Every structure is written in structure tokens, then in C-alpha cells.
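Open the model in your viewer and follow the stops below in order. At each stop, make the selection before reading on.

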Amino acid sequence: QLQLVESGGGLEQPGGSLRLACVASGFSLADYNIGWFRQAPGKEREGVSCISPDGGSIKHTFSAKGRFIVSRDNARNTAYLLMNSLNPEDTAVYHCAAAPAKPYDDCSLSPLEYDSDYWGQGTQVTVSS
């Protein structure tokens, strides 16, 4: 059974940090791009960060640049999103997703590039004082 499970969300104060983890089961992450997405109430799902299988391609949305670090450990079938300098605008449900990597292609921040079978259920991140 294909499954992605996120963890690490919670309540954090502005300026704090959280590290999210995304663990895959039923398939090997080593052949997949990983995307991190978030969706706040009343807003569309937004691509936050992505990483290619070897880490050679990494992208961040503008608001995440300089604050978020995406990484992966293929041996552990796990990807991570370290979020620093959190602010209330980061409050959302965060999802990870996987898409088969294609030669010479970068990872994508578009949710449309990730098949519906390869999404996690999400973890809530709330930034508030």
C-alpha cells in the first residue's frame, strides 16, 4: 500500500522553528521528487519547497526562501522540511507529495505534477503567540 505520512507539525510561536518529516511506505522515495505543499483555510494549495532524488534540484516559493530548508534521506525513505523564522502567515496544513523523477527535469512546485495516490494526509502547523 502506497503511503506518505507527515509528522512534526504543531503550535509554534512567531520566530520559532519546526521540522516536518514525511515517511514513505510501499514504495522507494529514491526515484521520486518530493514536494511540500500547504493549504490555509480559504486559500488554494501552495507549493512551498521541492527536492529531486539526489538533491540536485531544490526549489522554494518566494516566502520560504532563506527560511525553509528541504532535505531527504533516501535510506530512511524520508523527506524533511525545516521551517525557521516562522510567522503567522505560515499557518496551514502541510502536505508532502511524491512524483516520479524524470531525467533532466527539475522538481516542481505545482500540485498538478503530483499524482493523487502520492499525497500524505497532512500535518497542521499553527504559528501564534
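**The disulfides**

With 65° about the S-S bond, the disulfide of Cys-50 and Cys-107 is right-handed. Select these two cysteines to begin; their sulfur atoms are 2.1 Å apart. Cys-50 belongs to strand 5 (residues 46–51), and Cys-107 sits in the loop between strand 9 and strand 10 (123–127), so the link ties together parts that are 57 residues apart in sequence. Cys-50 and Cys-107 are buried. Keep in mind throughout that this is a predicted model.

The structure holds 2 disulfides. For the other stop of this kind, select Cys-22 and Cys-96, whose sulfur atoms lie 2.0 Å apart. Cys-22 is in strand 3 (residues 18–25) and Cys-96 is in strand 9 (residues 92–100), with their positions 74 residues apart, so to speak, as the pair links distant parts of the chain. The angle about this S-S bond is 70°, and the link of Cys-22 and Cys-96 is right-handed. Are Cys-22 and Cys-96 buried or exposed? Both are buried. If the bonded cysteines are numbered in sequence order, the pairing reads 1-3, 2-4.

**The sheet**

Next, show the strands as a cartoon and find strands 1, 3, 8 and 7. They make an open sheet of 4 strands in the order 1-3-8-7, with antiparallel pairing. Which strands are at the edges? Strand 1 (3–7) and strand 7 are, and each of them pairs on one side only. From one strand to the next, the twist averages 15°. As background, strands of a sheet pair through backbone hydrogen bonds, either parallel or antiparallel.

Now select strand 8 (residues 78–83) together with strand 7; the two run antiparallel and are joined by 6 bridges. Strand 8 also pairs with strand 3 in the antiparallel sense, over 6 bridges. Select Thr-78 in strand 8: Asp-73 has Thr-78 as a bridge partner, and Val-23 has Thr-78 as a bridge partner too.

Follow the chain from strand 7 to strand 8. The two strands form a hairpin with 4 residues between them. Stop at Asn-77 in the turn, which has a positive phi of about 55°.

**Along strand 7**

Show the side chains of strand 7, which alternate. Phe-68, Val-70 and Arg-72 point to one face and are buried. Ile-69, Ser-71 and Asp-73 point to the other face and are not buried.

Select Ser-71, which is in strand 7 (residues 68–73). How does its accessibility class come about? Ser-71 counts as partly exposed because its relative accessibility is 29%, and partly exposed covers values between 20% and 50%. Leaving out residues up to four places away in sequence, Ser-71 touches Ile-51, Ala-79 and Tyr-80. For a distance across the model, pick the C-alpha atoms of Ser-71 and Pro-111: they are separated by 19 Å, and the residues are 40 apart along the chain.

**Just before strand 7**

The last selection is Arg-67, in the loop between strand 6 (58–60) and strand 7. Arg-67 counts as buried because its relative accessibility is 13%, and the cut-off for buried is under 20%. Which residues is Arg-67 in contact with, leaving aside its neighbours within four places in sequence? They are Leu-82, Met-83, Asn-84, Ser-85, Leu-86, Asn-87 and Asp-90. Display these residues with Arg-67 to end the tour.

Key:
Residues are numbered from 1 along each chain as its sequence is written. This is a predicted model: local features need pLDDT of at least 70, side-chain atom pairs count only at pLDDT 80 or more; totals for chains, interfaces and linings use all residues. Side-chain values use heavy atoms; hydrogens and water are left out. Buried means under 20% relative accessible area, exposed over 50%, partly exposed in between (1.4 Å probe, protein chains only). Contact means heavy atoms within 4.5 Å. A disulfide is a pair of cysteine sulfur atoms within 2.5 Å. Two strands pair if DSSP finds at least two bridges between them. Axes are lines fitted to C-alpha atoms, for helices over the stretch in contact, and angles run from 0 to 180 degrees between N-to-C directions.
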